[in-house]
Every structure is written in structure tokens, then in C-alpha cells.
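Student: I should like to learn how to read side-chain features in a structural model. Could you guide me through a case?

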Amino acid sequence: MADEQEPKRGFWEQAREARHNSDGWIKYFITMATISSVTACGTCLMVIALLIPFLAVIIGIAKFNDCPVNSMIPIYLIAVGIIGVISSSLGLWRQCAGENIKTQRCIACLQIPLTLVWFGFFIAGNIWVYGSLRKVETDEQKRMLKAAGKEPIPNPNYCNAWVYWLAFFMITMVYVMIVLMCCLLCALGVAVSRAKPDQETDPINQNNENPNYTEEGGAPQGQEADQGKTENPA
């Protein structure tokens with residue numbers, strides 16, 4: 001007879017177990033991020049995260065020579081877009097793999113170097129995008145500089161609005177997501193740590209575990225009689 005499969009645990013049970021088994025907050029955050037990624041909400045976020053990198057790659061290629069203020073910004077969109085597509089695809093593959101240990105390890109081995117490459121482009125993107133924030137001009141009418149009696153010349157501070165603001169949005173959203181994830185995980189950790197098992201909060205079980213006392217708080221009659229005999233010896 002085939003062995004029966006264990007029932008799938010709910011999100012709160014996994015969160016409580018992760019909180020009690022984690023040595024510190026860093027390990028707890030990593031565990032909860034892994035648990036959240038395999039939920040239905042996590043899958044929806046992965047699908048959305050798959051569409052944005054596609055858009056970044058398309059815009060970066062289409063407007064490759066349309067950002068004189070910093071020609072590395074379109075390259076950033078293309079590189080981060082490709083990394084995002086691969087990373088989101090690996091996440092969906094991880095969803096479908098279930099509890100296959102070999103597949104999970106294979107995906108983890110691919111994600112580690114991918115994350116390191118993404119982090120390098122993320123740091124560089126902060127320099128390229130935020131460094132151009134004060135001087136960039138995204139208005140299409142300011143693409144060419146016109147001077148009296150001279151032919152218009154390209155504006156060195158111009159950048160296509162789609163290119164610049166999409167790169168700005170993608171970098172800023174990383175910081176926003178980090179703050180939100182930390183707040184949510186901290187709140188979840190506090191909620192889980194304060195939650196008690198049903199056996200500890202069940203007064204019936206507590207009363208049944210102490211049979212030496214009556215419901216009114218006193219000792220049984222037999223015990224009171226024995227105490228009276230010891231206090232008044234014959």
C-alpha cells in the first residue's frame with residue numbers, strides 16, 4: 001500500500017515554525033522570503049516582475065542611442081532586464097519543481113551568480129541614474145539646442161523620458177520593496193512570536209493537568225482531612 005502524503009501545512013504554521021527554528025532575524029527573513037515566494041501572491045508578483053524586465057529590454061534596445069546625458073542608462077535597462085527575465089523564469093521554475101531537492105539546488109546554484117551580477121549593475125545604475133538627476137532633461141522639445149544663426153545641435157543633457165524614468169523607477173522600487181519587506185517581516189515575526197499553541201491557551205487542558213486542586217482553588221477533602229490529623233495528633 002502506498003504511503004499517504006502528509007497534508008500541506010498552511011502559511012501561518014510555516015511562519016511559526018520558521019520563527020522558532022531561526023537562530024536570528026537574518027535567517028528568519030531568508031526563510032520567510034523563501035516561504036512567501038511559493039505562495040499564490042508570490043507567483044503573481046513573479047509574473048509582474050517578469051513583465052517589467054521585458055519592457056526594460058525592449059525600451060533599452062529601441063532607444064539605445066537616445067540618452068546623451070549618460071549612454072550607460074540604456075545599457076543598464078538591457079542588462080537588468082535580461083537578468084530580471086532569467087531570475088523570474090527561475091522563480092517560476094522553482095514553483096513548478098515543488099519539493100524536488102535536486103531541482104531546487106540547481107536553481108539555487110544558478111540564482112547565486114545571477115544575483116551577484118544584478119547587484120553589480122544595481123550599484124552602477126544608482127551612479128548613472130541618480131548622478132544625472134539634476135541635469136537631465138526629458139522634454140522632447142529640448143532634445144535639440146537652437147542658437148541664433150546656427151544649426152540645431154543635440155542637447156548633451158537630454159535623455160528619452162521612457163529610458164530615464166523607467167530606470168529611475170526600477171532602482172527606486174528596489175529600495176521601496178526592501179523597506180516594505182523589512183516592515184512586513186518584522187510585524188509578522190512579532191505576531192508569530194506572540195501567538196501561542198492551542199494547548200497553552202486552552203483552560204480545560206490546564207485544569208485537567210492539575211488534578212490535585214479543585215475548581216474553587218482548594219485542596220480535595222481527603223487531603224484536608226489528612227492535614228487535620230497531622231495538626232491534631234491523638
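**Reading side-chain features**

Tutor: Consider Met-177, which is partly exposed because its relative accessible area is 39%, where buried means under 20% relative accessible area, exposed over 50%, and partly exposed in between (1.4 Å probe, protein chains only). Please note that this is a predicted model, in which local features need pLDDT of at least 70, side-chain atom pairs count only at pLDDT 80 or more, and totals for chains, interfaces and linings use all residues. Residues are numbered from 1 along each chain as its sequence is written, and side-chain values use heavy atoms, with hydrogens and water left out.

Student: Which residues form a nonpolar patch on the surface with Met-177?

Tutor: A patch is made of residues with over 30% relative accessible area and no salt bridge; like charges are joined within 9 Å, and nonpolar side chains (Val, Leu, Ile, Met, Phe, Trp, Tyr) within 5 Å. Here, Met-177 is joined by Val-176, Leu-180, Met-181 and Leu-184, and together the five have about 430 Å² of accessible area, computed by the Shrake-Rupley method with a 1.4 Å probe and only the protein chains shown as cover. Met-177 itself belongs to helix 6 (residues 161-194); helices (H or I, at least four residues) and strands (E, at least two) are DSSP runs, numbered from the N terminus.

Student: How should I read salt bridges, and how many are counted?

Tutor: Side chains of opposite charge can pair when their charged atoms come close. The criterion is a side-chain nitrogen of Lys or Arg within 4 Å of a carboxyl oxygen of Asp or Glu. By this rule the model has 2 salt bridges. In one, Arg-143 meets Asp-66 at 3.1 Å, N to O. That pair links distant parts of the chain, 77 residues apart: Arg-143 sits in the loop between helix 5 (101-130) and strand 1 (144-145), and Asp-66 in the loop between helix 3 (40-62) and helix 4 (72-97). Arg-143 also meets Glu-140, at 3.2 Å, N to O. Asp-66, Glu-140 and Arg-143 are thus linked in a network.

Student: Which members of this network are buried, and which are partly exposed?

Tutor: Asp-66 is buried, because its relative accessible area is 9%. Arg-143, at 34%, is partly exposed, and so is Glu-140, at 45%.

Student: How many aromatic pairs are there, and how are they classified?

Tutor: Rings of Phe, Tyr and Trp (its six-membered ring) pair if their centres lie within 6.5 Å; planes under 30 degrees apart count as stacked, over 60 as edge-to-face and the rest as tilted. The count is 6 aromatic pairs. The rings of Trp-118 and Phe-122 have centres 5.1 Å apart and planes at 15 degrees, so this pair is stacked. Both residues lie in helix 5, 4 residues apart, about one turn of the helix. Trp-118 is partly exposed at 27%, whereas Phe-122 is buried at 6%.

Student: Which other ring pairs with Phe-122?

Tutor: Tyr-175 does, in a tilted pair with 5.5 Å centre to centre and 50 degrees between the planes. Phe-122 lies in helix 5 and Tyr-175 in helix 6, so the pair ties together parts that are 53 residues apart in sequence. Tyr-175 is partly exposed, at 39%. Elsewhere, ring pairs link Tyr-130, Tyr-164, Trp-165 and Phe-168 into a cluster.
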